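Trainee: I would like to learn how to read the features of a model such as this one, step by step. Could we look at it together?

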Amino acid sequence: MAEGQLWLDPDRARRGGADLHLAGEAIGTRRAQVGGAIAAASAQRPWGRDDIGAAFEKSYRGYEETLLRAWEGVGRAVAGLGADVVASVEATVQTDTASGQRLDGVSGQHGNRR
C-alpha cells in the first residue's frame, strides 16, 4: 500500500489463492497417507500390552488423536484460506469495476450540464 492506495494484481492474487488451496489439499493428502500409517502402526500397540505398554498407551493415544485432528484441520484451513483469497479477489475486482462505472457515469452526467 502506497499513500493510501491498494494495488492488486488480480491474476497473480488468484494464482496465489489457487496455489494456497492446492497446498492445503496436499497437507490433507499427506495427513491421510502418513497420519493413516501412524494410526495403523500404533493400533498394533508395538510398545506391548504389559503394564508399561498399557501406561504408554494411555498417555500416547490422546496425543496421537490430537496431532492427527490438528494436522487434518490445518489442511482444511489452508485450503479454505486459498478459496477465500480467490473469492476476495473476485469481489474486489467486481466492486472496483462497478465503482469505476458509477464514477464514469457521474463524470459523464456532469460534463453534459454545460
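Trainee: Let me begin with one side chain: is Trp47 buried, partly exposed or exposed?

Mentor: Before answering, keep in mind that this is a predicted model. The general idea is that relative accessible area sorts residues into classes, with buried meaning under 20% and exposed over 50%. Trp47 has a relative accessible area of 22%, and is therefore partly exposed.

Trainee: Which aromatic pair does Trp47 form with Phe56, and how are the planes arranged?

Mentor: For a pair of rings one reads the distance between centres together with the angle between planes, and angles from 30 to 60 degrees count as tilted. By this rule there are three aromatic pairs in the model. In one of them, Trp47 and Phe56 are tilted, with 4.8 Å from centre to centre and 55 degrees between the planes. Phe56 is partly exposed, at 39% relative accessibility. The rings of Trp47 and Tyr60 have centres 4.9 Å apart and planes at 55 degrees, so this pair is tilted as well. Because Trp47 lies in the loop between α1 and α2 while Tyr60 lies in helix α2, the pair ties together parts that are 13 residues apart in sequence. Tyr60 counts as partly exposed, at 23% relative accessibility, and Trp47, Phe56 and Tyr60 form one aromatic cluster.

Trainee: Where is Gln44, and is Gln44 buried or exposed?

Mentor: Gln44 is placed in the loop between α1 and α2, and with a relative accessible area of 59% this residue is exposed. A separation along the chain can also be set beside a separation in space: Gln44 and Tyr63 are 19 residues apart along the chain, and their C-alpha atoms are separated by 17 Å.

Trainee: Turning to the helix before that loop, what span should α1 have, and what do the end C-alpha atoms show?

Mentor: The general idea is to compare an expected span, counted at 1.5 Å a residue, with the distance between the two ends. For the 34 residues of α1 the expected span is 50 Å, and the end C-alpha atoms are 48 Å apart, which agrees. The buried residues of this helix include Gly17, Gly24 and Ser42. After α1 comes Arg45, whose phi is positive, near 50 degrees.

Trainee: How many salt bridges are there, and how does one read them?

Mentor: The rule asks for a side-chain nitrogen of Lys or Arg within 4 Å of a carboxyl oxygen of Asp or Glu, and by this rule the count comes to six. One of them joins Glu90 to Arg14, with the closest N and O atoms 2.3 Å apart. This pair links distant parts of the chain, since Glu90 belongs to helix α2 (residues 51–111) and Arg14 to helix α1 (residues 10–43), 76 residues apart. Glu90 is partly exposed at 30% relative accessibility, and Arg14 is likewise partly exposed, with a relative accessible area of 24%.

Trainee: Which salt bridges lie within helix α2, and how far apart are the partners in sequence?

Mentor: An α-helix has 3.6 residues a turn, so residues three or four places apart point the same way. Glu57 and Arg61 are four residues apart in helix α2, and therefore separated by about one helical turn; their closest N and O atoms are 2.9 Å apart, and both residues are buried. Glu72 and Arg76 also lie in helix α2, four residues apart, and in their salt bridge the closest N and O atoms are 3.2 Å apart. Glu72 is partly exposed, with a relative accessible area of 38%, whereas Arg76 is exposed at 56%. Salt bridges that share partners join Arg45, Glu57, Arg61 and Glu64 into one network.

Trainee: What is the nearest side chain of opposite charge to Arg31, and how far away is that side chain?

Mentor: Here the cut-off of 4 Å for a salt bridge is what one should hold in mind. Arg31, in helix α1, is buried yet has no salt bridge, and the nearest side chain of opposite charge, Glu72, is 4.2 Å away. Leaving aside residues up to four places away in sequence, Arg31 touches Gly36, Leu68, Trp71 and Glu72.

Technical notes: Residues numbered from 1 in each chain as written. Predicted model: local features only at pLDDT ≥ 70, side-chain atom pairs only at ≥ 80, totals over all residues. Heavy atoms only, no water. Buried < 20%, exposed > 50% of the residue type's maximum accessible area, 1.4 Å probe, protein only. Lys, Arg positive; Asp, Glu negative; His and termini not counted. Contact = heavy atoms within 4.5 Å. Expected span 1.5 Å × (residues − 1). Phe/Tyr/Trp six-rings, centres within 6.5 Å; stacked < 30°, edge-to-face > 60°.
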